[in-house]
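Here are my notes on the model you sent. Please read them with the structure open.

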Amino acid sequence: MKRVLGIDPGFALVGFGVVERDGNYFKVIDYGVISTPKEDSFATRIANIYSGMLSLIDTYKPDEIAIEELFFFKNQKTVIPVAEARGVIVLAGIEKNIQMYEYTPLQIKQALTGNGRAEKKQIQYMVTNLLRLEKIPRPDDAADALAVALTHLQTNNQLVDNRI
């Protein structure tokens, strides 16, 4: 059995999903978000993301961490804070000595649907179906994190190109 912590990096919300693979079956352990209130200072928000990641790692003891790679941002105002949040997410994993892997949105779409141009609804359908859930996980950040974890569990994760 392998346990993976999937991460959808963000600044206001960091999505997480913990998934185990046992043979050909996937089991969701937990999912949700680390949230940072906009009233808090930048430094406090980054510190909360970091401590939240350490807490997730200590609680769920993942074998590996899979994180979505920052690929393209429509909102240039948020790209730097999200990149800095991603940095503390990676730091938490490295400090806990957990191998980390990254996947582009294209790789995630391709792995889950066979179509690199799949729409969000198609990804959400596949996450719900593969994890045998009754409804689409909410919020979207958590569903995206589950998609990252599933991608990692379905791919040859020994490829050096995907290691951080």
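1. A residue is called buried here when its relative accessible area is under 20%, and exposed when that area is over 50%. By that cut-off, buried residues make up 46% of the 164 residues in the protein.

2. Keep in mind that this is a predicted model. The mean pLDDT of the protein is 91. Of its residues, 90% reach 70 or more. Among the elements, helix α1 (residues 42-60) has the highest mean pLDDT, at 98. Helix α2 (residues 76-95) has the lowest, at 90.

3. Next, the layout. The protein has 5 helices and 5 strands. Read from the N terminus, the order of elements is β-β-β-α-β-α-β-α-α-α. The chain therefore opens with three strands and ends with three helices, as the order β-β-β-α-β-α-β-α-α-α shows.

4. What radius of gyration does the protein have, and what would a compact globule have? The protein has 15 Å. A compact globule of 164 residues would have a value near 15 Å, so the two agree. Along the principal axes, the C-alpha trace spans about 45 × 35 × 35 Å.

5. Contacts across the sequence come next. Take the contacts in the protein with a separation of 6 or more. Residues 24 or more positions apart account for 64% of them.

6. On the surface, the accessible area of the protein comes to about 8800 Å². Carbon and sulfur atoms hold 52% of it. As for charge, there are 19 positive and 20 negative side chains. The centres of these two sets lie 4 Å apart.

7. Is T151 buried or exposed? T151 has a relative accessible area of 1%, so it is buried. This residue is found in helix α5 (residues 140-154). Leaving aside neighbours within four places in sequence, T151 is in contact with Y103, Q107, I108, A111 and L112.

8. Look at L131 as well. It lies in the loop between α4 (120-130) and α5. Although it sits in a loop, L131 counts as buried because its relative accessibility is 5%. Its contacts, leaving aside neighbours within four places in sequence, are V19, F26, K27, V28, L146 and L150.

9. Which distance separates the C-alpha atoms of L131 and V28? They are separated by 6.3 Å. Along the chain, these two residues are 103 residues apart. V28 is also one of the residues in contact with L131.

Methods: Residues are numbered from 1 along each chain as its sequence is written. This is a predicted model: local features need pLDDT of at least 70, side-chain atom pairs count only at pLDDT 80 or more; totals for chains, interfaces and linings use all residues. Side-chain values use heavy atoms; hydrogens and water are left out. Helices (H or I, at least four residues) and strands (E, at least two) are DSSP runs, numbered from the N terminus. Buried means under 20% relative accessible area, exposed over 50%, partly exposed in between (1.4 Å probe, protein chains only). Contact means heavy atoms within 4.5 Å. The radius of gyration is taken over C-alpha atoms; the globule rule is 2.2 Å times the number of residues to the power 0.38. Accessible areas come from the Shrake-Rupley method with a 1.4 Å probe; for residues, only the protein chains shown count as cover. Lys and Arg count as positive and Asp and Glu as negative; His and the chain ends are not counted. The place of a charge is taken as NZ of Lys, CZ of Arg, CG of Asp or CD of Glu. pLDDT is the predictor's confidence in each residue, from 0 to 100.
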